[in-house]
Amino acid sequence: MEERTRKMTGRFQMDSVVVDFGVNRAIDHVTMDIQPGEIVGLLGHNGAGKSTILNLASGAIRWTAGSVRIDGQEIANGSTPRDFSQAGVAVIHQEPSLIHSLSVFDNMCLGHRFSASMTNGRKRELVSSALADLGIDVGIDSPAGTLTIGQRQMVDLARSTMSSSVRVLLLDEPTAALGAAETEELHALIRKFASEGTSVIYVSHRLPDILDICGRIIVLNTGRMIMDSPASSLSLQDLSNALAPGLKKTAKVAPEHIGAPVLDIRMAHGEVHAAKGEVIGLFGMASGEQFSLAADLFGLGSPQERDEASFTLADKEYAPANPVAAIRNGVFYVPPDRDVEGLIADFPAKTNILMPWYRKLGSSWHVSGNFGEDMYRQCREDLQIIGPDGETPIGQFSGGNRQKHLLARWMMPAKADVLVMAQPTQGVDIGAKDDIVRAVRRKAGEGACILVASSETDEIVSMCDRAYVILGDRVLEYTGDDLNDENLLQGLLSLAHIRSGGKPASTPDSVSAGAVVNAASR
Amino acid sequence: MKNLNLGRLKILLAQNGIFLAMIIVALIFGAINPRFLSAGNLLTILQQIAELGVLSFPVAFVVMMGCADMSVGSVASLAAVLGGTVMVRTNSIAFGIIAALLFGFVAGLINGVLVAYMRLNTFVVTLGFLSVWGGLAMFMTNGATVTKLPMPFLMFGSTKVIGIPVQIIILAVVIAAAWYLLNRMAKGKEILAIGGNQRAAYLMGLNVKRTQMLVLAFSGLFAGLTGVLLTAKLGAASPSVGSGLELQALTVVLLGGIAFEGGSGRISGVLAGLLFVGVLQNGLVILGVSAYLKTVFTGAVLVIAVMLDKSIQNIIKSAWKDVIAHKPGDAAQPAQETKEAVTDSEGSAATAESSADSPAAVGTSADLPGSSLPAAAVNK
């Protein structure tokens, strides 16, 4: 009986939904029931199944078993995104899907079925009022490409509100590319929707954002729901425990192995120091400043941006103009997205590792046919790479082994002084992660200084000797036993509070910034 | 290794399909008219396509790099009339050749600078210069052909070394050099890397811009050389001598299995494409097909080849899966790959869907729609 009434009231319901991708279960019997006006935060690691839930709730993928209902109405499996949109589902993506060269008006009209007799003037009125309803102040004739990302997200949303009333609002990392002010605006708008009865599912890596706005929090782990409770009853400790995957810490390097200081990073409100033989973590938000620092170290940022941080490498000013200069200085970089920025999918696996080194380790004029055979064999051994032979295109390897190839490129053939890695274990399974952590530790043991930039605490905790939490130009340092998942997350929160001017936290168990800073100081 | 590896065989066949097609077409022509397969005619075919070949291999590198060079035809034309005019005026063959080659190199360099350093679209830039140089060639000569070239130069066009026409020897040298560049020099691999993933190539510390500029400059240089060779063969420098060559070269390259998107390519493929065009054009003439229909056939063959190429790529992809699946002595591997695919499949539903039919999760990264790009944040 009680079960039935719940089904009557729930606005968005998933009942024991399973999603299989081939033999892999991405979503494992997830049941959720979201009331009108509820804002639910969806948390979990990469691979936990957050995106899969959003994808099935917006019609991008089918599910294997279970049912999905909106206002008690069952949605047929295999419904298209259009069907879901008609049922009242709207999605805000991290990157809104507008066509940059078209005007706001044209973008809003795309895919919208006006009645044939409607005049252009009437269409413009409709579009303008849809925008005005959301409080968006943009010229409807300006090209979408000239808007900020925040504005584009809003236009994208207005497009869906124009065709149907929004009953379920899905947000996929909406604030990843937004500034503080835009985030505020977005949150205000979400609250407005919720107050009108819209159910909101909010996916974000940004814990502070989730805590700021969500009344209820659901945590996923490898496709299963491991926590579902009101935000007010959750302490930071609970959240940290739920998010920390419990990967074992590896043995840290003994202090006597730590060599001479080699790299200093100076920012307005903090410094980062790294020595040879150390593995240093740079922890921050998803697409946070730790990643731009990592890219800057490899000469990728624009010069103006780099003014915010200055580098000293081996007691000399270091401001690489491009990757060529960085490599010449012994600074190597593993980019965060292995497939887009790292590997060349159609190239043989072996070539993908050797590519930067033909000229430097071999010769420009003659590279023998079997150049690098031994090196490649060594790489596979050291990183425990499995899969087909080295002549096979790298695209045919599994994700973990692709990542290992990318790491091998920068770890094995030549010796780095400073090796910067962005998300080195992203999207790889536990086994491969262990192999990577061991290889990184070994490399540090040989005297390399290794920086790991990440927004996942376990990545930092599992392989680093020391770590810095970075937000904006502020830095906190953690070392020894203080370096754990909870401290990193709390440190990030405390920095977020400092940045937002000491605004009261929305969780009862919030830590005062001062306490963390004290705990972190050596 | 007792078991014949069927997957590898398939890949080999798919990659060399154009060779097979060329042989089949040649046999058909031979069956209709035995004269076609005579040694003399085969040598004629080579001689007919020599200049096109000299041009096609540099253009192949341009395409491998992910660029295009539509200007080569006009560069050849202007190089021809420029070289011819200089020869007539100075009565020096050397000056004429140097002028032609220098112009070709400079024209290519201009393309290179505009494409690599000003980041202009390679297709648009080179198409623009196709008009510019072609028009200038006509303007310089008022549309007339430059004649009365020095005698020794005209003799050169019909020179034979141990019975082999000099054009064929030059073509052989170009092929050998192209093979060496692609397979034995760092630069060759870098060119492919830039075509395969320009961003990744840049992040490897490769000098992407300089490489792009140089490859386009050399494409121009060889277009200049082609103009000189054609002038020598025809005995006069016509301002339209190179017209249409850019499309023919592109046809050869694409027939040779080089993807228009860049990143892949083999010299043997380009050679096969070149021979195919040679066999087809010569065979049609021998069969008495109208010369006007020659281009019709060539164009149709190109479209068919591109159509086939798509299925060939699929064959290669699935064949790689066979190779991986049947690799002996790696029994433990599929289980491991499956495990990884769990974490691997989350980010984008499309990937997961595309790999749904293969538990090994071997969908290539190129198929990924860029769902979320942390990269964008890093280099904002």
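## A helix with one buried face

In helix H7 of chain A, the residues A:Leu186, A:Ile190 and A:Phe193 are buried. Seen down the axis of H7(A), these buried residues fall within an arc of 55 degrees, so they line one face of the helix. The other side of H7(A) looks outward, with A:Ala180, A:Ala181, A:Ala188 and A:Ser195 exposed. Please keep in mind while you explore that this is a predicted model.

What covers the buried residues of H7(A)? The cover includes strand S3 (39-43), helix H6, strand S7 (168-172), strand S8 (199-203) and helix H8 (207-213) of chain A. H7(A) runs over residues 180-195, and its 16 residues should span 22 Å at 1.5 Å a residue; the end C-alpha atoms are 23 Å apart, which agrees. After the helix comes A:Gly197, whose phi is positive, near 105 degrees.

## A second helix to compare

Helix H5 of chain A, residues 120-133, can be read in the same way. Its 14 residues reach 20 Å from the first C-alpha to the last, close to the 20 Å expected at 1.5 Å a residue. Which residues of H5(A) are buried? They are A:Val127, A:Ala130 and A:Leu131. These residues cover an arc of only 100 degrees around the axis, which puts them on the same side of H5(A).

Turned away from that buried side is a face carrying the exposed residues A:Gly121, A:Arg122, A:Glu125, A:Ser129, A:Ala132 and A:Asp133. Helix H4 (104-109) and helix H6 (149-163) of chain A are among the elements that cover the buried residues of H5(A). H5(A) is followed by A:Gly135, with a positive phi near 70 degrees.

## Chain A as a whole

Now let us step back from single helices. Chain A has 21 helices and 20 strands, and 52% of its 522 residues count as buried. Among the contacts in chain A with a separation of 6 or more, 70% are between residues 24 or more positions apart.

The domain assignment gives chain A a domain 1 (2-243) and a domain 2 (260-482). Taken over C-alpha atoms, the centres of these two domains are separated by 35 Å. How many residues of domain 1 are in contact with domain 2? Eight residues of domain 1 of chain A are in contact with seven residues of domain 2 of chain A. On the domain 1 side, the residues that touch domain 2 divide into two nonpolar, four polar and two charged.

## The largest nonpolar core

The largest nonpolar core has 255 residues, and the members that touch the most others are A:Tyr202, A:Ala294, A:Val420, A:Ile450 and A:Leu451. Domain 1 and domain 2 of chain A both give residues to this core, so it lies between them.

One of those members, A:Val420, makes a good place to zoom in. Leaving aside neighbours within four places in sequence, A:Val420 is in contact with A:Ala294, A:Leu297, A:Phe298, A:Val331, A:Phe332, A:Tyr333 and A:Leu451.

A:Ala326 is another residue to visit, found in helix H12 (residues 323-328) of chain A. Is A:Ala326 buried or exposed? A:Ala326 counts as buried because 24 C-beta neighbours lie inside 10 Å. Not counting residues up to four places away in sequence, A:Ala326 touches A:Leu297, A:Phe298, A:Gly299, A:Pro320, A:Val331 and A:Tyr333. A:Asp296 is 30 residues from A:Ala326 in sequence, and the two are 9.6 Å apart in space, C-alpha to C-alpha.

## Two glutamines with positive phi

Most residues other than glycine have a negative phi. A:Gln384 has a positive phi of about 55 degrees although it is not a glycine. A:Gln384 is found in the loop between helix H16 (373-382) and helix H17 (399-411) of chain A, and is partly exposed, with 17 other C-beta atoms within 10 Å.

A:Gln423 also has a positive phi, near 45 degrees. Where is A:Gln423 found? A:Gln423 sits in the loop between strand S17 (418-422) and helix H18 (430-445) of chain A. A:Gln423 is buried, with 23 other C-beta atoms within 10 Å.

## A covered helix in chain B

Chain B has its own helix H12, residues 245-255, and this one is mostly covered: ten of its eleven residues are buried. Among them are B:Leu245, B:Glu246, B:Gln248 and B:Leu255. H12(B) is followed by B:Gly257, whose phi is positive, near 80 degrees.

Note on methods:
Residues are numbered from 1 along each chain as its sequence is written. Chains are lettered from A and ligands numbered from 1 in the order in which they are written. This is a predicted model: local features need pLDDT of at least 70, side-chain atom pairs count only at pLDDT 80 or more; totals for chains, interfaces and linings use all residues. A nonpolar core is a set of buried Ala, Val, Leu, Ile, Met, Phe, Trp, Tyr and Cys residues joined through C-beta atoms within 7 Å. A residue is buried if 20 or more other C-beta atoms lie within 10 Å of its own, exposed if 12 or fewer, and partly exposed in between; C-beta atoms are placed from the backbone. Domain bounds come from an automatic or database domain assignment. Two residues are in contact if their C-beta atoms, placed from the backbone, lie within 7 Å. Ala, Val, Leu, Ile, Met, Phe, Trp, Tyr, Cys and Pro count as nonpolar, Asp, Glu, Lys and Arg as charged, and the others, Gly among them, as polar. Helices (H or I, at least four residues) and strands (E, at least two) are DSSP runs, numbered from the N terminus. The expected span of a helix is 1.5 Å times one less than its number of residues. The arc is that of the directions from the helix axis to the C-beta atoms.
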